[in-house]
Amino acid sequence: MKKYNIALIKGDGIGPEIIDEAVKVLDAVASVENFEINYNEFLMGGCAYDAVGDPLPETTITGSLASDAVLFGAIGGEKWDNLPREKRPESGLLRFRKELGVYANLRPASVYDELVNASSLKTEIVRGVDLMVVRELIGGIYFGEPKGRDENKGWNTMVYTRDEITRIAHQAFKIAMNRDKRVCSVDKANVLDVSQLWRDVVTEISKEYPEVELSHMYVDNAAMQLVRNPKQFDVILTGNIFGDILSDEASMICGSIGLLPSASVGNKIGVYEPIHGSAPDIAGQGISNPIATIASASMMLRFALGEYKAADRIDAGIKQALKEGYRTKDLAQFDAKEVCSTSEIGSIIANYAAKCKL
Ligand code: NAD
């Protein structure tokens, strides 16, 4: 029997509860598809700071690098907001991504037919939306130097090198080749020099993918177009901060931020995680939506482990649960037959995923 080693990083807030449900679903499909998963837990974020004084202990990096993939919950919370920046949970996460070299964050946003009513946009605008945000993850303004602050001034720097743009552009074009073959590169080239370089390099790389149609859009227009007509997009290629913002916007098109998964890839080991944060406002109440994390586990099976049937099972299990009207609280007002706790919907999805006919 095939065996995989997965590093589990539960993190803070709702992190532990959503990861527990993803593990439940993973175990259910693994037993049907005849493979085994060993989980090794590592600390990151506020809980790691509390335990060892560092939001990213060395063992978390080495343990993750020694695994087949990382399944990640979420980190952060008010409790740690006043620590020096390098001790804050978010700094640990940024450092982690850099250490693992996961420069490409893939954020699919597709609307489940069963949830078209849950979108804040009109049904006819959102039905059939299926786009992929390809966000550069370890460069740009979140990492650029110089950065700092004094009493009266704060500063950060948006930097991209030709190499950084080249590798993320290749990812986007390759992904587009397996989709509708359209890439929209989003930047702010009318104002930022770094964006002009981005645009020039993306245009150069596009010549290697003649079948893919490339367009460019300024980020402010893209934010508007996403809510005006999201179906115009296939692959959105963009930098770190723009992708962060646009993918949160895309999540509301789909109904809830609790639905959207992501994969961070680029080097040997990928990190699979929901796009949302640790939601401290609802942590510990059993009302968080674990679907984004369960769908991230499906991406992990597909991209990192090559367990395509098991991934299909999870996707089918999520769809079936939604079709039957099971909803967590965030989606309770949208055609719910039954409002479920985090753990209940996890069990329902696990059951459907294991039993579904592919
Ligand atoms: P958030 O994504 O945690 O929450 C935003 C809103 O969405 C909240 O009202 C929350 O209750 C809701 N929400 C999020 N996930 C949900 C889910 N699965 N089910 C139901 N509702 C859900 O963003 P925030 O409030 O801006 O940040 C909270 C903390 O998370 C901060 O410390 C922030 O730095 C951190 N954060 C971490 C990550 C990460 O770990 N990758 C990402 C973003 C924010």
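In this predicted model, an oxygen atom of the ligand is 3.1 Å from a polar backbone atom of Ser 278. Two further backbone approaches to ligand oxygen involve Ile 75 and Gly 77: a backbone N or O atom of Ile 75 lies 2.9 Å from an oxygen atom of the ligand, and a backbone N or O atom of Gly 77 lies 3.1 Å from an oxygen atom of the ligand. On its own the ligand has 810 Å² of accessible area, and the protein covers 68% of this area. The elements that give two or more residues to the shell around the ligand are strand β3 (69–74) and helix α4 (89–100).

Altogether, 21 residues surround the ligand, and the closest of them are Glu 90, Gly 277, Ala 279, Asp 281 and Asn 289. By residue class, this shell divides into 9 nonpolar, 8 polar and 4 charged residues. One of the closest residues, Ala 279, also has a backbone feature to note, since its phi is positive, at about 40°, although the residue is not a glycine. Ala 279 is placed in the loop between β12 (271–274) and α10 (291–305).

## Aromatic pairs

A pair of aromatic rings is described by the distance of the centres and the angle of the planes. How many aromatic pairs does the count give? The count comes to 3 aromatic pairs, and two of them are set out in the table below.

| Ring pair | Distance of centres | Angle of planes | Geometry |
|---|---|---|---|
| Tyr 4 and Phe 35 | 5.6 Å | 75° | edge-to-face |
| Phe 173 and Tyr 209 | 5.1 Å | 10° | stacked |

The planes of Tyr 4 and Phe 35 stand at 75°, so the pair is edge-to-face, given that an angle over 60 degrees is counted in that class. This pair links distant parts of the chain, with Tyr 4 in strand β1 (residues 2–11) and Phe 35 in strand β2 (residues 35–41), 31 residues apart. Tyr 4 counts as buried because its relative accessibility is 10%, and Phe 35 is likewise buried, with a relative accessible area of 3%; the cut-off for a buried residue is under 20%.

For Phe 173 and Tyr 209, the planes are at 10°, so the pair is stacked, the limit for this class being under 30 degrees. Here too the pair links distant parts of the chain: Phe 173 belongs to helix α6 (residues 162–177), whereas Tyr 209 lies in the loop between α7 (193–206) and β9 (213–218), 36 residues apart. Both Phe 173 and Tyr 209 are buried.

## Charged side chains

Two lysines are placed over aromatic faces. Lys 98 lies over the face of Phe 143, at 4.7 Å from the ring centre, and Lys 153 lies over the face of Trp 155, at 5.3 Å from the ring centre.

Is Arg 135 buried or exposed? Arg 135, which is placed in strand β5 (residues 130–136), has a relative accessible area of 2% and is therefore buried. The side chain of Arg 135 is joined to that of Asn 240 by a polar contact of 2.7 Å.

## Backbone features in loops

Which residues does a cis peptide bond join? The bond joins Glu 145 and Pro 146, with omega at about 0°, and Pro 146 lies in the loop between β5 and β6 (148–149). Asn 34 offers another backbone feature, a phi near 65°, which is a positive value in a residue other than glycine. Asn 34 is found in the loop between α1 (15–33) and β2.

## Two further buried positions

Pro 57 is placed in the loop between α2 (46–52) and α3 (58–65), and with a relative accessible area of 11% this proline is buried. The C-alpha atoms of Pro 57 and Phe 42 are separated by 8.7 Å, while the two residues are 15 residues apart along the chain.

Ile 349 is found in helix α12 (residues 342–355) and counts as buried because its relative accessibility is 0%. Between Ile 349 and Leu 305 the separation is 44 residues in sequence and 21 Å in space, taken from C-alpha to C-alpha.

How values were computed. Residues are numbered from 1 along each chain as its sequence is written. This is a predicted model: local features need pLDDT of at least 70, side-chain atom pairs count only at pLDDT 80 or more; totals for chains, interfaces and linings use all residues. Side-chain values use heavy atoms; hydrogens and water are left out. A residue is near a molecule or strand if one of its heavy atoms lies within 4 Å of it. A polar contact is a pair of N or O atoms within 3.5 Å; within protein, one must be able to donate a hydrogen and the other to accept it, and residues adjacent in sequence count only if both atoms are side-chain atoms. Accessible areas come from the Shrake-Rupley method with a 1.4 Å probe; for residues, only the protein chains shown count as cover. Helices (H or I, at least four residues) and strands (E, at least two) are DSSP runs, numbered from the N terminus. Ala, Val, Leu, Ile, Met, Phe, Trp, Tyr, Cys and Pro count as nonpolar, Asp, Glu, Lys and Arg as charged, and the others, Gly among them, as polar. Rings of Phe, Tyr and Trp (its six-membered ring) pair if their centres lie within 6.5 Å; planes under 30 degrees apart count as stacked, over 60 as edge-to-face and the rest as tilted. Buried means under 20% relative accessible area, exposed over 50%, partly exposed in between (1.4 Å probe, protein chains only). A charge sits over a ring if NZ of Lys or CZ of Arg is within 6 Å of the ring centre and within 35 degrees of the ring normal.
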